[in-house]
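These are my notebook entries on a single protein chain. I went from the overall surface to the sheets and then to individual residues.

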Amino acid sequence: TLTTSGSYDWAGLTPPPGEEAVPAEVVVEVVLPEGLKPSEVTPDAQPSKLFLLHSTTGETLLSAPLPFPCAPERASAKFFAKRRVLRVSLPVLYSAKQLEDKAREAEAVSVLALEAEAEARRIEEAHQRRIQAEADAKEAKARAEERAREARVRATKRLEELEKKSRASAEARQKEAEERVEKLAQDGDFRAVYGHTPAQLKEMFGVSLKNRYLFALDTDL
């Protein structure tokens, strides 16, 4: 098992960001198997890792990473025979370089976090702009379709009005021409229609006349 104890004395040094609560010591306890004598186990402490080696064969029995930098030259070991537990105590020790490295690492992490946050904001803003653009395009399409529908309605209505006016005008001209011919016939002025072809009469009166007015006389009037 790995535990910690005490509180690190910074002695005027600045704690690394996020590591203000640093212990004074890291303690590693290992239960030795039956048949393995304490004299056959050699602790080999490193600043960031603890090894337990077989004293005779050199085999690595344990490799444990340490959560804090330690002073290997100040490490101590004690064996508790009743529980067959080997306890290795390693004092925590930060060097000036380690503190600088930790500070730079924390600063780099902070910069990366700020950049990630800024990137997240840019992505969110771009997403919102895309949503707004889609909404604007949809609204513009709806307005265009409504204007087109209104234009079709106005055009249809105008065409109907023009057709109605054209029919009324044609009917009025037809009636007027027939009334003129009728009057000429009633007055006996057959010269107005005698000897003219239907095309000539249409040009004279503006409309095609009924067959009953397209007569010819054998006697000159």
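Entry 1, surface and overall make-up. I looked up the exposed area first: the protein exposes about 15,800 Å², and carbon and sulfur atoms supply 54% of that area. I note that the model is a predicted one. Of its 221 residues, 19% count as buried. I then turned to contacts between residues at least 6 apart in sequence, and found that 49% of them join residues at least 24 apart.

Entry 2, order of elements. I recorded two helices and seven strands. Read from the N terminus, the elements run β-β-β-β-β-β-β-α-α.

Entry 3, the four-stranded sheet. I asked in which order the strands of the open sheet lie. The order is 1-2-7-6, with antiparallel pairing. Strand 1 (2-5) and strand 6 (76-80) are the edge strands, each pairing on one side only. On average, neighbouring strands in this sheet are turned by 25 degrees against each other, with direction ignored. I followed one pairing in detail: strand 1 and strand 2 (residues 25-31) run antiparallel and are joined by four bridges. S5 has E25 in strand 2 as its bridge partner.

Entry 4, S89. I located S89 in strand 7. Is S89 buried or exposed? S89 counts as buried because its relative accessibility is 11%, and the cut-off for buried is under 20%. Leaving out residues up to four places away in sequence, I listed its contacts as E25, V26, V27, R74, A75 and S76. E25 in that list is also the bridge partner of S5.

Entry 5, the loop between strand 6 and strand 7. I placed R83 in this loop, and strand 7 covers residues 85-91. R84 is found in the loop as well. R84 is not a glycine, yet it has a positive phi of about 55 degrees. With a relative accessible area of 45%, R83 is partly exposed. What does the charged end of R83 sit over? It sits over the ring of F80, 5.5 Å from the ring centre. I also checked R83 against V31, which is 52 residues away along the chain; their C-alpha atoms are separated by 7.5 Å. A search for aromatic pairs across the whole structure returned zero.

Entry 6, strands 3, 4 and 5. I traced strand 3 (residues 41-45) to strand 4, where five bridges pair them in the antiparallel sense. A hairpin of three residues joins these two strands, and P43 stands opposite L52 in strand 4. Strand 4 and strand 5 (residues 60-65) also run antiparallel, joined by five bridges. In this pairing, the partner of L50 is A64 in strand 5. Five residues lie between strand 4 and strand 5 in their hairpin, and in the turn G58 has a positive phi of about 80 degrees.

Entry 7, the two faces of strand 4. Which residues of strand 4 are on the covered face? I listed L50, L52 and H54 there, with K49, F51 and L53 on the uncovered face. I added a general remark: side chains in a regular strand alternate between the two faces of the sheet. Two residues of the covered face, L50 and L52, had already appeared in Entry 6: L50 as the partner of A64, and L52 as the residue opposite P43.

Methods. Residues are numbered from 1 along each chain as its sequence is written. This is a predicted model: local features need pLDDT of at least 70, side-chain atom pairs count only at pLDDT 80 or more; totals for chains, interfaces and linings use all residues. Side-chain values use heavy atoms; hydrogens and water are left out. Two strands pair if DSSP finds at least two bridges between them. Axes are lines fitted to C-alpha atoms, for helices over the stretch in contact, and angles run from 0 to 180 degrees between N-to-C directions. Buried means under 20% relative accessible area, exposed over 50%, partly exposed in between (1.4 Å probe, protein chains only). Rings of Phe, Tyr and Trp (its six-membered ring) pair if their centres lie within 6.5 Å; planes under 30 degrees apart count as stacked, over 60 as edge-to-face and the rest as tilted. A charge sits over a ring if NZ of Lys or CZ of Arg is within 6 Å of the ring centre and within 35 degrees of the ring normal. Contact means heavy atoms within 4.5 Å. Accessible areas come from the Shrake-Rupley method with a 1.4 Å probe; for residues, only the protein chains shown count as cover.
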